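Biologist: Please take a close look at a single part of this structure and explain it for a first-year student, beginning with how the chain is laid out. Which residues touch the most other members of the largest nonpolar core?

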Amino acid sequence: MKYLVLLLSLLVFAAGCASDSKVKDDSQRLKNVKTQNTDDGISINKEGISDKSLTDEQLRNVMNTIFTDVHFPYNKYDILDEDKASLRLKTDWLLKHPSVTLIIEGHCDDRGSSEYNLALGDQRAMSVKNYMVSLGVPADRIDTMSLGKEKPICTEENESCWGMNRRAHFILNR
């Protein structure tokens with residue numbers, strides 16, 4: 001019986017050593033993998049996918065083409081049906097670039113008090129964030145902030161201008 005226990009112990013020890021050496025072999029093989037670049041600027045290496053290879057110009061182009069502002073009706077923060085396709089496109093891009101984070105700024109027109117517009121801007125930014133999170137973007141990759149009526153892009157007193165200021169604005173970070 002004593003020899004049987006000793007034999008089983010040796011077998012378990014040998015099996016453990018074999019598996020350790022396989023893990024070490026796999027680890028060494030991963031260290032030897034070189035970085036590969038894909039067509040859209042993503043670098044894939046042993047540590048996973050990195051977007052560090054996105055140039056500033058590429059990031060600006062993405063912000064100007066995909067991450068355009070989303071607008072809201074007066075005194076509302078609900079996402080319009082017409083903006084949902086645009087937000088899905090933004091979400092798809094973020095999911096393909098996992099090291100990129102996003103800041104959503106909520107803006108308002110200049111009607112109403114500063115306090116009211118800060119709260120409304122926050123609701124607009126959160127509404128967009130919640131929609132993108134519901135489509136699969138991890139919540140910790142999106143920050144929100146409200147600028148209320150403090151950073152208008154148009155200063156005229158008419159509906160067209162006010163409509164341009166009622167928006168969610170996007171800022172990408174690597």
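Modeller: Helices and strands are here runs assigned by DSSP, a helix having at least four residues and a strand at least two, and they are numbered from the N terminus. With that convention, the elements of the protein chain follow the order α-β-β-β-α-β-α-β-α-β-α-β from the N terminus on. This comes to 5 helices and 7 strands. Please bear in mind that the model is predicted.

Before the part you ask about, two values describe the chain as a whole. Of its 174 residues, 30% count as buried. Among contacts between residues at least 6 apart in sequence, 71% join residues at least 24 apart.

The residues you ask about are W93 and F170, which touch the most other members among the 23 residues of the largest nonpolar core. Five elements, namely α2, α3, β5, α4 and β7, each supply at least two residues of this core. The largest share, 4 residues, comes from α4. As a general background, nonpolar side chains tend to be buried together in soluble globular proteins.

Let us turn to the aromatic rings. The structure has 2 aromatic pairs. In one of them, the ring centres of F67 and W93 are 5.8 Å apart and the planes stand at 85°; because an angle over 60 degrees counts as edge-to-face, this pair is edge-to-face. F67 belongs to the loop between α2 (56-65) and β4, whereas W93 belongs to helix α3 (residues 81-96), so the pair ties together parts that lie 26 residues apart in sequence. Both F67 and W93 are buried.

F67 also forms an aromatic pair with F170, again edge-to-face, with 6.0 Å from centre to centre and 65° between the planes. This pair links distant parts of the chain, since F67 lies in the loop between α2 and β4 and F170 in strand β7, 103 residues apart. Together, F67, W93 and F170 make up one aromatic cluster.

Why does F67 count as buried? Its relative accessible area is 1%, and the limit for a buried residue is under 20%. F170 likewise counts as buried, because its relative accessibility is 1%.

The surroundings of F170 can be listed in detail. Leaving aside neighbours within four places in sequence, F170 is in contact with M63, F67, T68, D69, V70, L87, K90, L102, I103, I104, V128 and M132.

The strand that carries F170 deserves a closer look as well. Strand β7 (residues 167-173) runs antiparallel to strand β4 (residues 70-71), and 2 bridges join them. At this pairing, H71 has R167 of β7 as its bridge partner. Strand β7 also pairs in the antiparallel sense with strand β5 (residues 101-107), over 6 bridges. Here L102 stands opposite L172 in β7. L102 has already appeared above among the contacts of F170.

R167 leads on to another residue, R124, whose place is in helix α4 (residues 114-134). R124 counts as buried because its relative accessibility is 0%. Not counting residues up to four places away in sequence, R124 touches F72, P73, Y74, N75, K76, Y77, H107, C108, R166 and R167. One of these, C108, is itself buried, with a relative accessible area of 2%. R124 and T144, which are 20 residues apart in sequence, have their C-alpha atoms 9.4 Å apart.

Two further features complete the description. The charged end of R111 sits over the ring of W162, 3.8 Å from the centre of that ring.

The structure also holds 1 disulfide. In general terms, a disulfide is a covalent bond between the sulfur atoms of two cysteines. Here the partners are C154 and C161, with their sulfur atoms 2.1 Å apart. The torsion about this S-S bond is about -130°, so the disulfide formed by C154 and C161 is left-handed. C154 counts as buried because its relative accessibility is 14%. C161 counts as buried because its relative accessibility is 1%.

To return to your request: W93 and F170 are the residues that touch the most other members of the largest nonpolar core, and with F67 they form one aromatic cluster.

Key. Residues are numbered from 1 along each chain as its sequence is written. This is a predicted model: local features need pLDDT of at least 70, side-chain atom pairs count only at pLDDT 80 or more; totals for chains, interfaces and linings use all residues. Side-chain values use heavy atoms; hydrogens and water are left out. A disulfide is a pair of cysteine sulfur atoms within 2.5 Å. Buried means under 20% relative accessible area, exposed over 50%, partly exposed in between (1.4 Å probe, protein chains only). Two strands pair if DSSP finds at least two bridges between them. Rings of Phe, Tyr and Trp (its six-membered ring) pair if their centres lie within 6.5 Å; planes under 30 degrees apart count as stacked, over 60 as edge-to-face and the rest as tilted. A charge sits over a ring if NZ of Lys or CZ of Arg is within 6 Å of the ring centre and within 35 degrees of the ring normal. Contact means heavy atoms within 4.5 Å. A nonpolar core is a set of buried Ala, Val, Leu, Ile, Met, Phe, Trp, Tyr and Cys residues joined through side-chain atoms within 4.5 Å.
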